[in-house]
Amino acid sequence: MNRVTVNPQFCKSCLYCINFCPKKVLVMGNERNSKGYFSPVPAEIDKCIACSICAVVCPEGAITVEKDVENDG
């Protein structure tokens with residue numbers, strides 16, 4: 001399964017990652033970081049295609065995407 005990780009301490013709630021995700025994987029979370037911003041959380045990670053658009057558009061570099069690579073044995 002692909003994985004999206006958001007570092008909430010870097011996030012400033014710009015919503016770019018949520019707005020640009022083609023599969024709508026991320027939603028706004030309900031916990032504030034130390035600066036008072038809410039950060040996104042993966043809601044439907046099974047829909048993630050690991051396109052990394054969320055990480056690319058994040059101006060704070062708060063998002064990393066890991067693509068699941070299946071082993072052939």
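Which residues does A62 touch, not counting residues up to four places away in sequence? I began with this lookup, and I note that the model is predicted. A62 touches T5, V6, N7, F10 and C11.

**Entry: overall layout**

I then listed the elements of the chain. I found two helices and four strands, and from the N terminus on they run β-α-β-β-α-β. I looked up the overall dimensions next. Along the principal axes, the C-alpha atoms fill a box of roughly 45 × 20 × 20 Å. The radius of gyration is 12 Å, which agrees with the value near 11 Å for a compact globule of 73 residues.

I also recorded burial and surface. Of the 73 residues, 26% count as buried. The chain exposes about 5000 Å², and carbon and sulfur atoms supply 52% of that area. As for contacts with a separation of 6 or more, residues 24 or more positions apart account for 58% of them.

**Entry: nonpolar core**

I looked up the largest nonpolar core and found 12 residues in it. A62 is one of them, as is V6, and V6 is also among the residues that A62 touches. The other members are V4, C17, I18, C21, V25, L26, C48, C54, C58 and I63. I checked which elements give two or more residues to this core: they are strand 1 (3-6) and helix 1 (16-20).

**Entry: G61**

I moved to G61, in the loop between helix 2 (53-57) and strand 4 (63-66). G61 is partly exposed, with a relative accessible area of 48%. I noted its distance to F10: the two are 51 residues apart in sequence, yet 7.3 Å apart in space, C-alpha to C-alpha. F10 is also one of the residues that A62 touches.

**Entry: S39**

Is S39 buried or exposed? I found it buried, with a relative accessible area of 9%. S39 is found in strand 3 (residues 38-42). Leaving aside its neighbours within four places in sequence, I listed its contacts as V6, P8, C11, S13, M28, G29 and E31. V6 and C11 are thus in contact with S39, and both are touched by A62 as well.

**Entry: aromatic rings**

How many aromatic pairs does the count come to? I recorded one aromatic pair. Y16 and F20 form it, edge-to-face, at 6.3 Å centre to centre and with 80° between the planes. The two residues are four apart in helix 1, so they are separated by about one helical turn. I checked the accessibility of each ring residue. Y16 counts as partly exposed at 41%, and F20 is partly exposed with 48%.

**Entry: cysteines**

I searched for disulfides and the count came to zero. Why is C11 without such a bond? The closest cysteine sulfur, in C17, is 6.3 Å from that of C11, which is too far for a bond. The cut-off for a disulfide is 2.5 Å between the sulfur atoms. I also looked at C14, which is in no disulfide; the nearest cysteine sulfur, that of C58, is 5.8 Å away. On burial, C11 counts as buried at 10% relative accessibility, whereas C14 counts as partly exposed at 36%. I note finally that C17 and C58, the partners in these two distances, both belong to the largest nonpolar core.

Key: Residues are numbered from 1 along each chain as its sequence is written. This is a predicted model: local features need pLDDT of at least 70, side-chain atom pairs count only at pLDDT 80 or more; totals for chains, interfaces and linings use all residues. Side-chain values use heavy atoms; hydrogens and water are left out. A nonpolar core is a set of buried Ala, Val, Leu, Ile, Met, Phe, Trp, Tyr and Cys residues joined through side-chain atoms within 4.5 Å. Buried means under 20% relative accessible area, exposed over 50%, partly exposed in between (1.4 Å probe, protein chains only). Contact means heavy atoms within 4.5 Å. Rings of Phe, Tyr and Trp (its six-membered ring) pair if their centres lie within 6.5 Å; planes under 30 degrees apart count as stacked, over 60 as edge-to-face and the rest as tilted. The radius of gyration is taken over C-alpha atoms; the globule rule is 2.2 Å times the number of residues to the power 0.38. Accessible areas come from the Shrake-Rupley method with a 1.4 Å probe; for residues, only the protein chains shown count as cover.
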